[in-house]
Amino acid sequence: MDRTVRTVEDVLALLDGLFASEAETEAQAGAEPERGRVATGDGRDFWDRFYADRSRPVPFFAAKPDENLAAYLDQCLIAPGRALDLGCGPGRNALYLAAHGFEVDAVDLSPVAVAWGEDRAQEAGADVRFLCGDAFTLPATELSGPYDLVVDSGCFHHLPPHRRISYLALLDRVLAPGGHLALTCFAAGEAGAGSELTDADLYRERRLQGGLAYTPEALRWIFSDLTEVELRRMREEAPESALFGVGFLWTALFRRGEASSGDVHALHDHT
């Protein structure tokens, strides 16, 4: 008889296991797990297989940035500073930011994806610091912050509901006062774009079904501690475009409030 729960993190890890168990059972039986049957900290093998063949015709394998990220720079909504790319994959957004004057840390769960990103950075002569691991469990010495920009293109919508707690806690720790979160995620109402099951039903099903779809109202509620700068559909980009864009995603830019004088002193003391 095990009694494993003592802390909030113990509860979150226990809930992770609800989504991981079916994938593990299928893997043991020799079956390919469905895309949705991964949870943070438990899906590395899946994502390693996903990124193993670099020649696959996956639209976001191309080394080009999200169109909204380029637009934020063009419109001067964000400016070069320290940036963190969450769930960076092969580093397409990280390399773009580095080429535009950002000091970039990029983290992904998959060693295969990180190795691909490092190869791309070397080929491009880009200075990106790649980290492999679960962003929620990496020590503060690795993801120290503060970051002026946190970019998330497809990480958030693959998290089970309980990991939103970890996500918001990470933002609270690493996002600088006045800093921005640039988020891209599945839009509700688009066939095949993401699951529209309620949070409670996801736990009954024990599946993420390839990712979770969100409404604008849900995103505004989840990130209500931040100020909305822009929330819109991603613009469609042609295959030959230098930018990545598909219409079944939301793009959002949120801004953290400026720190009070006391918060600034505390931040300086911490760093």
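The following questions and answers concern a predicted model of one chain.

Me: How many helices and strands are there in the chain, and what share of its residues count as buried?
Reply: In this predicted model, the chain has 271 residues, and those with under 20% relative accessible area are taken as buried. The secondary structure comprises nine helices and seven strands, and the share of residues that count as buried is 50%.

Me: Are helices H2 and H5 parallel, perpendicular or oblique to each other?
Reply: Two packed helices are described by the angle between their axes and the distance between the axes. For H2, residues 44-52, and H5, residues 111-124, the axes come within 7 Å and cross at roughly 40°. Angles under 35 degrees would count as roughly parallel and those from 65 to 115 as roughly perpendicular, and H2 and H5 are therefore oblique.

Me: Which residues of H2 and H5 meet, and how do they divide into nonpolar, polar and charged?
Reply: From H2 come Arg44, Asp48, Tyr51 and Ala52, and these meet Pro111, Val112, Ala113 and Trp116 of H5. The residues of this contact between H2 and H5 divide into six nonpolar, no polar and two charged.

Me: Is Ala52 buried or exposed, and what separation do the C-alpha atoms of Ala52 and Trp116 have?
Reply: Ala52 belongs to helix H2, and because its relative accessibility is 55%, Ala52 counts as exposed. Although Ala52 and Trp116 are 64 residues apart along the chain, their C-alpha atoms are separated by 9.1 Å.

Me: Why do the buried residues of H5 lie on the same side of the helix, and which elements cover them?
Reply: The buried residues of H5 are Ala113, Val114, Trp116, Gly117, Arg120 and Ala121. They lie on the same side of H5 because they cover an arc of only 160° around the axis. The face turned away from this buried side carries the exposed residues Gln122 and Glu123. The cover over the buried residues includes H2, helix H4, strand E2 and strand E3.

Me: Which exposed residues does helix H6 carry on the face turned away from its buried side?
Reply: H6 has twelve residues and reaches 17 Å from its first C-alpha to its last, close to the 16 Å expected. Its buried residues are Arg163, Arg164, Ser166, Tyr167, Leu170, Leu171 and Val174, and they fall on the same side of H6 because they cover an arc of only 160° around the axis. The face turned away from that side carries the exposed residues Ile165 and Asp172.

Me: Is Asn68 buried or exposed, and which residues does it touch?
Reply: Asn68 is part of helix H3, residues 67-74, and because its relative accessibility is 2%, Asn68 counts as buried. Leaving aside residues up to four places away in sequence, Asn68 touches Thr184, Arg232, Met234 and Thr251.

Me: Where are Cys76 and Gln209 found, and what phi does each have?
Reply: Cys76 lies in the loop between H3 and strand E1 and counts as exposed at 65% relative accessibility, whereas Gln209, in the loop between helix H7 and helix H8, is partly exposed with a relative accessible area of 35%. Neither residue is a glycine, yet phi is positive in Cys76, at about 60°, and in Gln209, at about 55°.

Me: What is the omega of the peptide bond from Gly145 to Pro146?
Reply: Pro146 is found in the loop between E3 and strand E4. The peptide bond from Gly145 to Pro146 is cis, with omega near -5°.

Terms used
Residues are numbered from 1 along each chain as its sequence is written. This is a predicted model: local features need pLDDT of at least 70, side-chain atom pairs count only at pLDDT 80 or more; totals for chains, interfaces and linings use all residues. Side-chain values use heavy atoms; hydrogens and water are left out. Axes are lines fitted to C-alpha atoms, for helices over the stretch in contact, and angles run from 0 to 180 degrees between N-to-C directions. Helices (H or I, at least four residues) and strands (E, at least two) are DSSP runs, numbered from the N terminus. Angles under 35 degrees count as roughly parallel, over 145 as roughly antiparallel, 65 to 115 as roughly perpendicular and the rest as oblique. Contact means heavy atoms within 4.5 Å. Ala, Val, Leu, Ile, Met, Phe, Trp, Tyr, Cys and Pro count as nonpolar, Asp, Glu, Lys and Arg as charged, and the others, Gly among them, as polar. Buried means under 20% relative accessible area, exposed over 50%, partly exposed in between (1.4 Å probe, protein chains only). The arc is that of the directions from the helix axis to the C-beta atoms. The expected span of a helix is 1.5 Å times one less than its number of residues.
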